[in-house]
Amino acid sequence: MKKWLILLISWWLVLPAWALEATPTENDPVAQKRAVELELKLRCLVCQNQSIAESDAELAVDLRRQVRHFVAEGKSDEEIIQFMTDRYGDFVLYQPPVKTTTVLLWAGPIVLLLLGLASMLLLVRRYSKSADQSNEQLSAAEEARATALIEGRDEL
Amino acid sequence: MIPEIGQFALVLSLILVLIQGTLPLIGAAKNIPAWMALARRTAQGTFFFLILAYGCLIYSFVVNDFSVLNVANNSNTQLPLAYRIAAAWGSHEGSIMLWVCLLGIWSFAVSVFSRHLPEEMVARVLGVMGLITVGLLLFLLFTSNPFERIFPMPADGRDLNPLLQDPGMVLHPPMLYMGYVGFSVAFSFAVAALLSGKLDATWARWSRPWTLLAWSFLTVGILIGSWWAYYELGWGGWWFWDPVENASLMPWLIGTALIHSLAVTEKRGTFKIWTVLLAIVAFSLSLLGTFLVRSGVLTSVHAFATDPRRGLFILAFLALVIGGSFALFAFRALRVGTPGAFKPVSCETALLGNNILLGVSCGTVLLGTLYPLFLDALNLGKISVGPPYFEKVFVPIMALVVLLMGAGPLIRWKEMDASSLFRKLAIPFGVSFIAALLLAIMLKGFAWTSVVLLTLGFFMAFWILSTLIVRLMQALSGDLAKKLRRQPASFWGMCLAHLGIAVFVIGVTVVKGFEAERDVKMAIGDTVEVGGYTFKLEGLEAVTGANYDATRGTFALIKGEKELRKLYPEKRIYASHGMPMTEASIDSGIFGDRYVSLGEQLSPESWIVRVYYKPFVTWIWGGCILMALGGLLALIDRRYRVKTHHPAPISLMRYTLTGNTVIK
Amino acid sequence: MKRKWVLLIPLCVFMILAVFFMVGLNRNPREIPSPLIGKPVPSFALPDFRSPDKTVTEKDFAGKVWLLNVWASWCVSCREEHPVLVKYAKEIGVPIVGLNYKDKYADGAKWLNNFGDPYTLSIIDADGRFGMDLGVYGVPETFLIDKAGFIRYKQIGPISEEVLYNTIIPKIKELESQ
């Protein structure tokens, strides 16, 4: 057990040589911020549900370093993202690109919102009509309730 | 022996709950009082046996009975006691067991606090809850038996996933599940209303406190989960739009719509169809959340691979419960519904908008969460939908909700003069906007993108606050003392919960706008500055915990010349799993957190260190606490308080007694 | 009653979801298709495992169908896959190139000594750069490359006898005949 553990720790400690550099963007706050923002958009493939900014997995560490190298070299966001999708596919992007297969994903919320607002309009119009009709004939109970409301006794 | 008792208790509770789920429902339909009266007794009996079974499971974990497969897989002799108990709900079997158990607790609570309800209603509500319990118990016993034995018995267990070895694990799942399962009460009330065709203001008055309680639990559960992720995952995020989190957010959104819709049903006798629908959806999403996510259809690990029966069973169960109740809804909803009658400018309209917008926001989260599954199922490739997507689509919808939320409490029921509403809202609107703009410019200068975002965030918070103040002034004008007494608790609950949203929005806005982080290589003696604070690495040492080895860094937190305190982040390696775990160390305060965690080790003396300054981050959770307190405050409204105990009619008492003998 | 169909919407939505869940039950979310399929193998110049001063490049395999198997001594599932490769290396009939990924040389050498060496040739990718170009995210992974140097298939996870006979060998035969 113990031996196995030591093996694991030592494996984990032995990072590849180029990983031993300090993070290349650490002294440039602007580049650092850009690097972190990019990392948050990239999904770690091994851990399935973490971005490479968050993950402790070795692949994430490597990719993080790669991103920082690119940022330090002055590569644009698009170039870096292209580098990642060329290798790992769209799966690596937390923000899926707009294409035919993702049209529904991006249009969905707007469609839902419009449908919601439309149905609200319809409902309000209908209810407003029935309010006009029922206004004349308040029942005794409603009358009492209305008085209560006006006096502010009945609150939400 | 003890596991067998637990197993036996589960079987007994299944038998009882089979009675609870059938006879009272038939009794209510055919008007047989004796059968209806069985509901309470069987629910209480089920509760007893479920608690007994759960006790046995926890006992097996506490005494390290590794002959139980579930214990062997999820616990370990080195595991501290609190986590051994928490491990009882750490596994698949254990968490389903917790679910059933909490359902037993809620059923029990309904059976005890329903003295003033008509027998028929109680029979139906408990009957429906019984049917849900039957399905889950069958699932538990046939596919996920928590008491399964293994032979030969291993010398030691495999240990609980180190990520779960945290105080958060002790609190988060029970709280969250209390919320999820709590919605079963509102669900059962809704189904009972559909079955009986009767839904009136008293119905809403009964189901409202149960819904408020469940909602408060869910809010607290989500809050603990978020806070746990914040300090445990080691990089300062507090919400990740992970499918598991989305699964808890969706019932929360619909639950929020439900408590508002219930208010309209109670006060105005309308929105009945909405209320019933929302009650069904809230619980359906809870089921969907617990099972589909936990069981791995949405996330990682092919959990069903080991036993494909589980997946099919769960799907069949969901189809029956959700599909069945939606079918019932489709065919019976018109019977309970009454058309609304209100003018376009009215509180009803505002709350209708609230229902619709929260529904849309929930639909959006659902779409984003399930979209990768849709594409994969259609063989159209694998994609990820994560935070950037959700932030883009969810935040604008919530901005609309907040806008409406400010105005809502100022609008009268049924009808209001548009111009007087406008007059009421103009001042809060103008003041909030100008204050937000000034504050944003003062804090961030004229960089326009950040000014727009900050202004929007501050505006939303100020808008809620200023409209609340106007509402309070309106409620308390005149004789203050008298008015104070006259406002019902639910009014104060509303104020507190809305205030919570404002606090939450401020927290999010400030964190997003002003958080700072550094990610640097440090050796002993090095310093790094972030957000006006200096972190100095003073030492690194090896420490040994109960079941892990760790490297612990000692950092001095310095402001100006003065050392404020020491921080001790750790990188742990758990003996059983061998995976590195980050333990951040946080100096937490009302106006901001200073957060440090160890990244990767570069050489024996140097580490990548992550330091963060997170201003106002605690306000996010503070806001959630206020919301939950608001829910609880509304709950104690005297309208919901159990009226004086009428002694049950003799005839009924006899039926309960016969019910008792039937059980024996 | 003409609005009744509206009330059926929740049921319909749920039924559609249920169908997707049904299909989703049989999917493995861990398997991510590689965008490199149909693309030329990324160029590399890496040291030969057996004589590290010699450099191997993708051009050395021009005109051949070959397998590129990514492995490491620290990888648990490789232990499961390795005997299959050793046993069937002859039957596979095309060069199998081992890519020793992010490993220590000594550990890798010991592994091959202990468990056998099925590889026609092994190359060293100590820092994982080539692995990154290949989009490797979980070892073992195996790429099947055609005569023109295009990646035709990627096996994620260990090769079992079943995968070998049902997928890889038929694909090799197909590519060989082209």
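In the predicted model, the largest nonpolar core comprises 290 residues, and the members with the most contacts inside it are Ala186(B), Ile254(B), Val276(B) and Ala279(B). When neighbours within four places in sequence are left aside, Ile254(B) is in contact with Leu278(B), Val281(B), Ala282(B), Leu285(B), Leu358(B) and Cys362(B). A second core, separate from this one, consists of five residues, among them Tyr548(B), Ala550(B), Ala575(B) and Met581(B).

Ile254(B) also takes part in the contact between helices α9(B) and α12(B). Two packed helices are described by the angle between their axes and the distance between the axes. For α9 (residues 243-268) and α12 (residues 347-377) of chain B, the packing angle is about 165 degrees and the axes lie 9 Å apart. As angles over 145 degrees count as roughly antiparallel, α9(B) and α12(B) are therefore roughly antiparallel to each other. The crossing of α9(B) past α12(B) is left-handed. On the side of α9(B), the contact includes Leu249(B), Met250(B), Leu253(B), Ala257(B) and Val264(B), whereas α12(B) contributes residues including Leu351(B), Leu358(B), Cys362(B), Val365(B) and Leu366(B). By class, the residues of this contact comprise 12 nonpolar, nine polar and two charged.

A second helix pair in chain B is formed by α5 (residues 92-112) and α6 (residues 119-143), which pack at an angle of about 160 degrees with their axes 10 Å apart. This angle makes α5(B) roughly antiparallel to α6(B), and their crossing is left-handed. Residues of α5(B) including Ile96(B), Met97(B), Trp99(B), Val100(B) and Leu103(B) meet residues of α6(B) that include Val125(B), Leu126(B), Met129(B), Ile132(B) and Phe139(B). Gly104(B), Ser107(B) and Ser111(B) of α5(B) and Thr133(B) of α6(B) are also among the participants. The contact of α5(B) with α6(B) contains 14 nonpolar and four polar residues, and no charged residues.

Helix α15 of chain B spans residues 448-476 and contains Trp448(B). Trp448(B) has 9 C-beta neighbours inside 10 Å and therefore counts as exposed. The C-alpha atom of Trp448(B) is separated by 40 Å from that of Met581(B), a residue 133 residues apart from it along the chain. Met581(B) belongs to the second core described above.

Chain A contains six helices and zero strands, giving the order α-α-α-α-α-α from the N terminus on. Of its 156 residues, 34% count as buried. Among the contacts in chain A with a separation of 6 or more, 43% involve residues 24 or more positions apart.

Between chains B and A, 60 residues of chain B are in contact with 49 residues of chain A. On the side of chain B, at least two residues each are supplied by α9, α12, α13 (387-407), α17 (489-514), β1 (516-523), β7 (580-583) and β9 (592-603). The most is given by α12(B), with 13 residues. The side of chain B that touches chain A has 32 nonpolar, 19 polar and nine charged residues.

The contact of chain A with chain C takes 16 residues from chain A and 15 residues from chain C. Helices α3 (58-73) and α4 (77-88) of chain A each supply at least two residues of the side that touches chain C, and the largest share, four residues, comes from α4(A). This side of chain A has 10 nonpolar, three polar and three charged residues.

Notes. Residues are numbered from 1 along each chain as its sequence is written. Chains are lettered from A and ligands numbered from 1 in the order in which they are written. This is a predicted model: local features need pLDDT of at least 70, side-chain atom pairs count only at pLDDT 80 or more; totals for chains, interfaces and linings use all residues. A nonpolar core is a set of buried Ala, Val, Leu, Ile, Met, Phe, Trp, Tyr and Cys residues joined through C-beta atoms within 7 Å. A residue is buried if 20 or more other C-beta atoms lie within 10 Å of its own, exposed if 12 or fewer, and partly exposed in between; C-beta atoms are placed from the backbone. Two residues are in contact if their C-beta atoms, placed from the backbone, lie within 7 Å. Ala, Val, Leu, Ile, Met, Phe, Trp, Tyr, Cys and Pro count as nonpolar, Asp, Glu, Lys and Arg as charged, and the others, Gly among them, as polar. Axes are lines fitted to C-alpha atoms, for helices over the stretch in contact, and angles run from 0 to 180 degrees between N-to-C directions. Angles under 35 degrees count as roughly parallel, over 145 as roughly antiparallel, 65 to 115 as roughly perpendicular and the rest as oblique. A crossing is left-handed if the near helix is turned anticlockwise from the far one by less than a right angle, and right-handed if clockwise.
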